[in-house]
Every structure is written in C-alpha cells, then in structure tokens.
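Reader: Could you take me through one part of this model up close? I'd like the metal site, and then whatever sits around it in the chain.

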Amino acid sequence: MSKKERNKMYYLKNRDKLIQKTKEWKELNPERKKINARNYYYRHYEKIKVKRIRDRLKKNLYMKRYLEKNRARINKYKALYYNKKHFGLLKYEILDKNNWTCKICNMTNRKHLIRFDKNITIHHIDGNGRYSENPNNSPDNLEVLCLSCHAKEDWKRIKMHKTSQALG
Ligand SMILES: [Zn+2]
C-alpha cells in the first residue's frame, strides 16, 4: 500500500474527528486560516480560473437556450412594456387612426421600412416624451411622423427652447 493510499484510509477512518480538529484549529488561528486560504488560491489559481470560466459559459448557454425557447413570449411582453412606458398603451390606436402614414410628408410605413429598416414612429407634440419627467401620453399629444420629419420637429423645438432661454 502506497503512502497516499494509507493517508486516504486514515482520513476516511477518522473523518469526523479530523474535521472537528480542523474546525477548532481554524477558530484558534484566524490569521493562519486567511494565509492558508490565500495560498490555496494561488496554488490552484489555474484550476479556479478554468472552473469560473466554465461556470460562466454554462450560465450563458443556459440563458441563451432560455431566451431562444421563450423569445416570442419575451418579445410580446417587451412590446407591451414599451408601449405602456412610451405611449400609455396608445401606440397601435394612434398608428391605425393615422393609417401608419407620416402627417407631414405622407410617407407610408412600407416605404419607411425600406428606407430606415424600422417601423414608422410616434411623435410627442409638446415634447414631453420618454425622456421627460412628466410624459404626456394623451391622444391629442401624439402624432405619426417618419424618422426624418420626427428629427426635424425635435430639432425645431430644441432650437426654440434655447432661444427662449437666451431671451430669458
Ligand atoms: Zn415625414
């Protein structure tokens, strides 16, 4: 029997006693306990690092699978969440009422999708949209605009705001 095997046999036979003894020693030598833990970390650094990376990859894979499996459900809730947050759940009502067409240049959603790779947008007329402290999502404050007209309108309002601030 090798030394290693003998040690293992001894450990297995006196396991509880040894664990108790180690516990007592650790309580009596808190400083040494810290140093030993640190030494263990440096000695097995590679092993610990590999385990950490493997755990993270496993978690990521699990998350990816979960997202793939539930994508439809998650997208539905996401759309609902943003509709509620940005437009007070009026998004599709406003779009249908205005026939999904820009109020200023009459661009249709089909053309918008081709040009901007994005659905046509909704504009907050008084400027109190998603970034405002008091968003105003009342139906008469919402209008359908294409991205280009939307940017122009926002820019006009910012310019006006700045001039009024400069004038006092
Ligand atoms: Zn437009």
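Author: Sure, let's start at the metal. Four cysteine sulfurs coordinate the zinc ion at 2.3 Å: the SG atoms of Cys102, Cys105, Cys146 and Cys149. Keep in mind that this is a predicted model. The angles among the four donor atoms run from 100 to 119°, and the site of the zinc ion is tetrahedral. For reference, the ideal angle for four tetrahedral donors is 109.5 degrees. Along the chain, the zinc donors are spaced as C-x2-C-x40-C-x2-C. Cysteine 105 sits in the loop between H6 and helix H7 (109-116), while cysteine 146 is in the loop between E2 and helix H8 (147-167), so this pair ties together parts that are 41 residues apart in sequence.

Those two cysteines also have their own accessibility values. Cysteine 105 has 41% relative accessibility and counts as partly exposed, whereas cysteine 146, at 1%, counts as buried.

Now for H5, whose buried residues pack against helix H6 (91-97), strand E1 (121-124) and strand E2 (142-145). Helix H5 covers residues 71-87, 17 residues in total, and spans 23 Å from first C-alpha to last, close to the 24 Å expected at 1.5 Å a residue. Its buried residues are Asn83, His86 and Phe87. They cover an arc of only 95° around the axis, which puts them on the same side of H5. Tyr77 and Lys84, on the other side of H5, are exposed. After H5 comes glycine 88, with a positive phi near 55°.

Technical notes:
Residues are numbered from 1 along each chain as its sequence is written. This is a predicted model: local features need pLDDT of at least 70, side-chain atom pairs count only at pLDDT 80 or more; totals for chains, interfaces and linings use all residues. Side-chain values use heavy atoms; hydrogens and water are left out. Helices (H or I, at least four residues) and strands (E, at least two) are DSSP runs, numbered from the N terminus. The expected span of a helix is 1.5 Å times one less than its number of residues. Buried means under 20% relative accessible area, exposed over 50%, partly exposed in between (1.4 Å probe, protein chains only). The arc is that of the directions from the helix axis to the C-beta atoms. Contact means heavy atoms within 4.5 Å. Donors are N, O and S atoms within 2.8 Å of the metal (3.2 Å for Na, K and Ca); water is not among the atoms, so sites may look incomplete. Four donors count as tetrahedral if all angles lie between 85 and 135 degrees; four count as square planar and six as octahedral if opposite donors are over 155 degrees apart and all others between 65 and 115; anything else is irregular.
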